[in-house]
Amino acid sequence: GSEMCIRDSSKTFYVYQTSYLVLTKSTDGGKTWSAPTMLNHQVKNSSEKFYGVGPASGFVTSTGRIMFTAYTFTSSDGNSSVFYSDDNGVTWTRVASVDEQTSEAALTEANGAIYMFTRHGNYYYYSTDNGATWSGAQTASGINYLNSCEVSVMTYSRKIDGKTAILLSAPTSTNRYAGKIFVGLVNDDHSITWKYTYDVNGSGRYQYSSLKELNDGSLGLL
């Protein structure tokens, strides 16, 4: 009954306040979807009141590994981690969280490494073992984006100045204004040289975003 939806700690049984991660998938291009499968027992620690995905898109590596970012939440935004599947989403493995307060994160692959860019700290991390372990925090030197908003990242299919390029979309002004796309050139030591900047909307409102490359090499930005 409806009374079961009301949390009353004086009762013997009541709904436990926590987050629930579920997976549903489509095999017909999104027309129909499977019944949801609970993932908590595979990826969420019981001590975590909140463990939330994204909100950036999931990611499939060049080896076919499906990977999602997620983060804990206590009294403030918590630490980012990833969980992945090598069997098309049947089983999932969670790896250790990063040490820093990072919150929402986005993934891309460049030159054989996986890169994770985070909301807080202007940090990025890289993994050379397909996401099993991650480097320490690297500072995205040379660019300044707002730390109180999600970012979107992607690797461009074409070389820029002869190098692999990572694109990052984010607001740059207080209260989420002035969106920009930053173009970073990937170096052999996994550092990134931020070479170009594109102003998306001047001083206008700019919140959560999502970058995709279209078939003709142009960019889609939501």
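How many bridges pair strand S9 with S10, and in which sense? In the predicted model analysed here, strand S9 (residues 113–118) and S10 are joined antiparallel over four bridges. The description below starts from the whole chain and returns to this pair within its sheet.

The protein chain contains one helix and 17 strands. Its C-alpha trace extends over about 65 × 40 × 35 Å along the principal axes. The radius of gyration of the protein chain is 19 Å, which agrees with the value near 17 Å for a compact globule of 222 residues. Of these 222 residues, 43% count as buried.

One open sheet consists of four strands in the order S8-S9-S10-S11, and the pairing is antiparallel. S8 and strand S11 (138–139) stand at the edges with a single partner strand each, so one side of each has no neighbour in the sheet. S8 pairs with S9 in the antiparallel sense over six bridges, and in this pair Leu 107 stands opposite Met 116 of S9. The two strands form a hairpin with two residues between them, and Asn 111 in the turn has a positive phi of about 55°.

The pairing of S9 with S10, over four bridges, includes two positions that can be named. Phe 117 stands opposite Tyr 124 in S10, and Ile 114 has Ser 127 in S10 as its bridge partner. The hairpin of S9 and S10 has four residues between the strands, and Gly 121 adopts a positive phi near 80° in it. On the other side of the sheet order, strand S10 (residues 123–127) is joined to S11 by two bridges, again antiparallel. Tyr 124 stands opposite Gln 138 in S11.

Burial was then examined for S9 and S10. In a regular strand the side chains alternate between the two faces of the sheet. Ala 113, Tyr 115 and Phe 117 point one way from S9, whereas Ile 114, Met 116 and Thr 118 point the other way, and all are buried. With six of its six residues buried, S9 is therefore largely enclosed by the rest of the structure. In S10, four of the five residues are buried, so this strand is also largely enclosed by the rest of the structure.

A further open sheet is formed by four strands in the order S12-S13-S14-S15, with antiparallel pairing. S12 and strand S15 (192–199) stand at the edges, each with a single partner strand, so one side of each is left without a neighbour in the sheet. On average, neighbouring strands of this sheet are turned by 25° against each other, direction ignored. S12 and strand S13 (residues 165–173) pair in the antiparallel sense over four bridges, and Thr 155 has Ile 166 in S13 as its bridge partner.

Ala 165 also lies in strand S13. This residue is buried, with a relative accessible area of 0%. Its C-alpha atom is separated by 13 Å from that of Ile 114, and the two residues are 51 apart along the chain. Ile 114 is one of the buried residues of S9.

Pockets were considered next. The largest pocket holds about 320 Å³ of space and is lined by 21 residues. Ser 57, Leu 107, Val 153, Leu 211 and Lys 212 lie nearest its centre. Strand S8 (105–110), strand S12 (152–155) and strand S16 (211–213) each supply at least two residues of this lining. S8 and S12 are also edge strands, S8 in the sheet S8-S9-S10-S11 and S12 in the sheet S12-S13-S14-S15. The lining of the largest pocket comprises 10 nonpolar, seven polar and four charged residues.

The second largest pocket has a volume of about 160 Å³. Its lining is made up of Leu 23, Lys 25, Gly 58, Phe 59, Val 60, Ile 66, Phe 68, Asn 88, Gly 89 and Trp 92. Strand S4 (59–60) and strand S5 (66–73) are the elements that give two or more residues to this lining. The lining of the second largest pocket divides into six nonpolar residues, three polar and one charged.

Technical notes:
Residues numbered from 1 in each chain as written. Predicted model: local features only at pLDDT ≥ 70, side-chain atom pairs only at ≥ 80, totals over all residues. Heavy atoms only, no water. 1 Å grid on protein atoms, 1.4 Å probe; cavity = no way out; pocket = protein on both sides within 12 Å on 5 of 7 lines; lining within 4 Å. Points joined across faces, edges and corners; volume = space filled by probe spheres on them. Nonpolar A, V, L, I, M, F, W, Y, C, P; charged D, E, K, R; others polar. Pairing = 2+ DSSP bridges. Axes fitted to C-alpha atoms, helices over the stretch in contact; angles between N-to-C directions. Rg over C-alpha atoms; globule rule 2.2 N^0.38 Å. Buried < 20%, exposed > 50% of the residue type's maximum accessible area, 1.4 Å probe, protein only.
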